[in-house]
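Colleague: Hi, could you walk me through this one? I'm new to it.

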Amino acid sequence: MKKISNKFKNIKNKIVEFNYKEYANTNKQFIAFVVSNLINASLLRFFTVHNYFAIKPLLADLAVILLFGSFVYLFKTKKQFTYLMVISFIFTLICIVNSLYYTYYMSFASFSLIAVSLTVVDVGDAVIKNVLQFKDFLFLWQLIFMLIYHRHLRKIKYYEFAGSKENRKKRFTGTIISGIVVYALFFMTVTSVEFSRLSKQWNREFLVTKFGVYTYQLNDLFKSLDAKFNTLFGYDNAAKKFREYYDENTIKLEKNDYSGIFEGKNIVLIHGESIQNAAINQSFNGKEVTPNLNKLKDEGIYFNNFYAQASSGTSSDSEFTLATSLYPVTNGAVAVSYWNREYETLQKMLRDQKGYNTLSFHANNGEFWNRNNFHKSLGYNTFYSKNSFKVTEDNTIGLGLSDKEFFKQLVPILKKEYNEKGKFLATTIMLSNHTPFDAVDKYGDFETNIKEEVVENDADGNPVTKEVTYPYMEGTKLGNYFKSVHYADSALGEFINELDEAGLLENTVVILYGDHDAKLPKSDYVRLYNYDKETDSVLDKDDENYRDVDYYDYELNRSVPFIIWTKDTKFNKVISTAMGMVDISPTLSNMFGLTPKYSLGSDIMSLDNNVVAFPNGNWLTNDIYYNSQKDEYKVINPNAIIDRDTISKNSEIASKKLEISNDIILYDLIKNENKKERLDRVEGEANE
Ligand code: GP9
Ligand code: MN
């Protein structure tokens with residue numbers, strides 16, 4: 001302990017005793033380099049996300065500049081200027097490219113998207129006329145300034161006395177250590193949400209706001225390289241396993257009562273942001289959280305044992321898995337890193353084999369989750385994003401346009417598409433019910449308390465009825481979540497009415513899925529199940545009525561709704577077979593008369609039991625939930641006979657599917673193997 005405190009004292013003394021004046025006098029060029037690049041980075045944030053005074057990105061920018069700049073001291077004084085100019089040029093280029101990119105896309109540039117950005121923006125004319133602005137040239141001041149300053153320093157013979165060889169080594173170590181310390185200080189302020197977003201890399205605006213442009217771009221570079229490196233080796237082995245798997249598991253959709261029942265019908269596919277079954281089954285003071293969804297689920301086909309299989313790509317993973325019947329990639333998100341592979345999708349099958357007009361709608365920035373590119377690759381003809389909607393301060397909730405406005409504005413667009421192009425698949429991605437669920441004043445009136453009538457005697461001894469309110473879930477995150485879902489549900493109710501009024505419900509199937517759970521705190525569920533109104537607190541664990549929420553309860557509670565509903569046919573059907581997002585595409589394929597070749601899920605209408613594999617290796621059947629990390633499980637069906645053999649067989653099925661899926665994504669196997677098959681066929685025919 002004493003040793004450490006002495007060390008700190010030493011460092012403190014060094015900092016106090018450091019000769020700043022001498023440092024400043026002999027490092028003029030380096031200081032100019034640091035400050036000018038820092039100004040450029042702030043300028044970029046000023047022109048784009050407007051948080052140029054924020055200390056966090058400033059610290060991060062400073063750290064990167066110091067780290068890259070420190071290597072200048074490894075060069076002789078004469079060469080130092082060249083090195084600083086090269087680094088300055090790269091930094092300035094990053095600022096200019098991002099400034100341009102932001103004007104066009106309202107987001108920041110990514111290495112993995114360079115090729116596609118260049119094709120989307122018609123380089124040349126379009127850039128000069130529509131994108132390039134005066135502000136983009138402003139960043140060049142840094143290079144000009146460095147040049148002028150260098151001349152000035154040469155004139156005053158600064159280089160002749162600034163730095164001996166010994167000094168340079170010391171300066172290098174000192175600067176690189178300073179860079180590391182500043183970075184460490186910065187990372188100490190980074191929250192877990194910020195870290196998680198850095199690893200996902202989907203909301204690039206957020207990243208530049210919090211991490212500064214240089215850290216963002218470095219992270220982006222590593223992520224893009226990672227995706228490339230992952231596929232350098234192992235193709236042959238992966239392709240062999242892929243062929244073997246599909247030889248043994250050729251997909252045959254059996255004929256059942258639901259085969260082809262919806263053939264030729266329009267599809268409105270609703271992506272229910274963060275809607276969990278936990279909300280669907282909930283009511284407060286006799287009022288249901290989701291009256292509209294309840295009507296849909298009661299009249300339609302309700303899959304009440306359905307799970308999203310999303311990983312770090314959250315929303316986009318569910319969009320991907322639903323479309324392809326493949327699992328999310330193990331590292332990163334398909335939407336960001338592997339969107340440009342060839343996939344077999346429900347959208348493409350409906351479009352290319354059945355003549356559907358495939359459309360998607362999301363009133364958020366089209367760059368989020370790279371949907372501008374990703375949705376094309378999934379097989380959507382048109383993606384209507386934020387630009388197609390009128391978004392004002394008044395009609396915004398949380399991340400963007402409120403769901404009610406979103407639906408209201410999209411119906412006329414859909415109507416027009418239908419009139420012009422006929423039969424459609426329209427995916428509508430909701431937004432308002434997104435974490436952190438704190439826009440409570442915008443959700444409307446829905447109370448999550450307990451209200452009771454009690455009879456008391458008044459002063460004259462006459463009985464009077466009074467209403468007593470117990471806070472219950474008010475003010476908790478879960479309580480706010482219920483309010484938010486209630487809002488989303490009422491938006492859905494309005495949407496159904498608007499579709500009906502526009503005549504779009506005739507011959508249409510409405511399909512809704514929850515995209516993933518809402519990551520709510522376990523302690524809030526404990527309160528929900530164990531509230532003691534007398535004490536306004538949670539029951540004691542020893543209380544006989546106490547209901548525990550263990551790991552498995554929490555995992556099972558992450559179940560989300562999947563509902564198929566039509567206006568005219570009342571199905572009144574509940575399917576309780578364990579089911580995952582991968583099963584949607586084969587299930588719908590059978591209903592719409594399609595035959596996919598590469599689905600890793602199953603048509604749930606032909607199954608009694610199923611293995612639902614999660615990206616972390618856990619799996620679920622009707623009988624048990626299996627935790628693969630701990631090799632433990634919880635029995636769900638008390639009548640089931642669980643044996644070790646079944647467990648290892650199911651674990652094998654789950655891991656095999658995850659492996660094949662990952663290989664398809666990384667090695668672009670559908671494209672490459674299809675191509676190979678075609679070539680082999682042509683060669684075979686030529687030899688005959
Ligand atoms: C982003 C929205 C939310 O546009 O879809 O995505 P999520 O955070 O749920 O992945
Ligand atoms: Mn989502």
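Modeller: Happy to; here are some notes on the ligand site and the domains.

Modeller: This is a predicted model, where local features need pLDDT of at least 70, side-chain atom pairs count only at pLDDT 80 or more, and totals for chains, interfaces and linings use all residues. Residues are numbered from 1 along each chain as its sequence is written, chains are lettered from A and ligands numbered from 1 in the order in which they are written, and side-chain values use heavy atoms, leaving out hydrogens and water.

Colleague: Which residues are around ligand 1?

Modeller: Among them are Trp202, Thr314, Phe368 and His516, where near means a heavy atom within 4 Å.

Colleague: And how far is an oxygen atom of ligand 1 from the side chain of arginine 371?

Modeller: An N or O atom of that arginine 371 side chain is 2.8 Å from a ligand 1 oxygen. For histidine 434, a polar side-chain atom lies 2.7 Å from an oxygen atom of ligand 1. Both are polar contacts, meaning pairs of N or O atoms within 3.5 Å.

Colleague: How much of ligand 1 does the protein bury?

Modeller: The protein buries 96% of the 310 Å² that ligand 1 exposes when taken alone (Shrake-Rupley method, 1.4 Å probe).

Colleague: New topic: what are the domains?

Modeller: The domain assignment gives domain 1 (2-228) and domain 2 (241-684). Their C-alpha centres lie 42 Å apart.

Key
Polar contact = N/O pair within 3.5 Å; in protein donor to acceptor, adjacent residues only side chain to side chain. Domains from an automatic or database assignment.
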